[in-house]
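Let's take a walk through the inside of this protein. Have the sequence and the model open as you read.

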Amino acid sequence: MSFVQFNKVSLAFGDRDILKDVSVNLSSGTKAALTGANGSGKSTLIKVMAGLVKSDEGQRVVQKNTRIAYLPQSGLIHKGCTLREEGDKAFSFGYELMNELEEVGEKLKQGSGNEKSLLERHEQILTELEESGWNRRNVLLEQVFIGLGFSREDLDRDCSQFSGGWQMRIALGKALMVNPDILLLDEPTNYLDIEARQWLEKFLDNFKGGFLLVSHDRYFLDHTVNEVYELFNGELHRYPGNFSHYEKVRQQELETLIKEYEKQQEEIARLQEFINRFGYKATKAAQAQERQKMLDKILENEIVIPESLKKIHFKFPPAPHSGRIAAVLTGISKSYDGTKNVIDNFEIVLENSDRLVVVGHNGAGKSTLLRIIAGVDKDFQGEVKIGAGVKIGYFSQDNAEIISGSATVLETIEEDAPFELIPKVRDMLGAFLFRGDDVYKTLDMLSGGEKSRIALLKLLLRPVNLLILDEPTNHLDIHSKDVLLQALKDFGGTVVFVSHDRGFIEELATRVLELKPGESRIFPGDYEYYVQRLEAESLEEGKSVSEKTKKTAAGKTEEKSALKLSWEEQKKIESERRKAEKNVKLLEEKIFSLEEQKKEAENLLANPKVYSSGEKSREVRKKIEEIDDVLEDLNIQWMEAAEKLESFAK
């Protein structure tokens, strides 16, 4: 069995201990996650395991012929050859074995007198090639790259044409194709969409070797690992079970730890108070010195609470009041080349309190649609009507580009935070991974990921009621995602979002919009319902194909009659659907018109000529009440009509 073993490995950077007496064994069949707070040393530990960083003390033992593949978080660039040629480099071990096989064959021909050992080595090489998948390398290459989201046409593109995220997918694909004994993956899900993550889950489930990975995707971890290693204060602790089980166990440990921490802090405060009061008095000097020794001993073993497990709860500013309809999109079409529409004749009604997730493969138009709703992209056909009183907040990774200047992180957030949230600013920054001295960094010193987190936090501090979020969970760890998720659940407005984190989607989404190039479907339910519908459709398709192959000539005649009847029924259903659609649009127009009238009336109440006159003020208020009554009735009608329209999609 192949393995990598570490025994009492230690490593320090300056006066900071990164690893302290770490012992762990990775072997075939290991399915493990490595977790810990940002900056705890996870990436360093993986590099030590990969043999890229040498430890100060301890042993690293690797069994002979054990192949190790390592994927860093970022920074890999591939160029100078096609994707297929780059992928083929992953099989370099096979080419080396083939060269050795030729050398062994040549020696056997020459009759060197060592035929027995040469024949044994010849047999070993053939076995290694067979077990490594060498003979299937071309098929494996295509399976892996297509599984990670590349198209078949991409295989012949030059690698330099792919962006940073796709460059890391290339690196991940190569690591998997090596078919290593031990696989070390540092944030492999960072640049993967849901489909690619699901493919990687299945790959790791069938992987014969052992792997250790770092990821901030709880759903992914729960479906891939059966043990978790936590790195905290340089020490490594093992927890059997998936990631959710680790969190439950660790939370119980933390509750006990907090009690001990509070007790210790009380003792520290008591000793410090005595030393401060009596340290300068000659009569108490000996006692003060004794207590100083006691304090020093406690501080040597001071309890520290892991930042990554501290639970932070806060609410963002309440969403301003708005009408029932947040936005209506009608006949939206968008093309980038003037010939093919990415979005084609798209329509949707966004209601207040919707939690709509937009899903689809890369290139389906998800980000494009979000930019159109947000008003950032105005080059499209169709109409976007924003509801009365709706204020939009839009986040994308591009927001990071406008974060700059000499102000500190703390100053920036305090400036944007409402007065009542000022005391919570430190907690909020901690939740978004700015802890300790990080809050004093200037904006110009921040990395792209850090700027992105600041942009997201700044947005969430504004009083808006329609949040449009494009990949808000990028650059957040699991704890930060939980804080964001709870805040969005508590948010009183509407949320339209794109995310590749399935756990985040399942917890937040109440409706699913599926986009395909030029096509769209709305599913009136959560993400689990959406997945079930797709699975049911897939089964129905398979059943339909199977039934068609078994039909006799007589059966085919019956099928034609059934199809004719089905078409007539479908024609009737389509007619009813159009009526329902027309009714919904008519009601929406009435609601929009009344909401605008109500808004105008409310603005009149702010006019001194009106509010200073009791009679005029009463007239305006009466008009608002009348509008509210009609609006209430129309909203009920609209809900019934919308439900009827949605029933045609089922």
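## A closed space

The second largest cavity is lined by Phe-316, Pro-317, Leu-459, Leu-460, Arg-462, Val-464, Leu-467, Ala-487, Leu-488 and Phe-491. A cavity here is a set of points, on a 1 Å grid over the protein atoms alone, where a 1.4 Å probe fits but cannot get out, and lining residues have an atom within 4 Å of a point. Helix 14 (448-460) and helix 15 (478-490) each bring at least two residues to this lining; helices are DSSP runs (H or I, at least four residues), numbered from the N terminus.

This is a predicted model: local features need pLDDT of at least 70, and side-chain atom pairs count only at pLDDT 80 or more, while totals for chains, interfaces and linings use all residues. Residues are numbered from 1 along each chain as its sequence is written, and side-chain values use heavy atoms, with hydrogens and water left out.

## Around Leu-141

Where does Leu-141 sit? Its place is in helix 5 (residues 137-147). Leu-141 counts as buried because its relative accessibility is 2%, and buried means under 20% relative accessible area (1.4 Å probe, protein chains only).

Leaving aside neighbours within four places in sequence, Leu-141 is in contact with Arg-84, Gly-87, Asp-88, Phe-91, Leu-155 and Met-177. Contact means heavy atoms within 4.5 Å.

## Leu-83

Leu-83 is 58 residues from Leu-141 along the chain, and their C-alpha atoms are 9.8 Å apart. Not counting residues up to four places away in sequence, Leu-83 touches several residues, including Phe-145, Phe-150, Leu-155 and Ile-170.

Notes. Buried means under 20% relative accessible area, exposed over 50%, partly exposed in between (1.4 Å probe, protein chains only). On a 1 Å grid over the protein atoms alone, a cavity is a set of points where a 1.4 Å probe fits but cannot get out, and a pocket is an open set with protein on both sides within 12 Å along at least five of seven lines; lining residues have an atom within 4 Å of a point.
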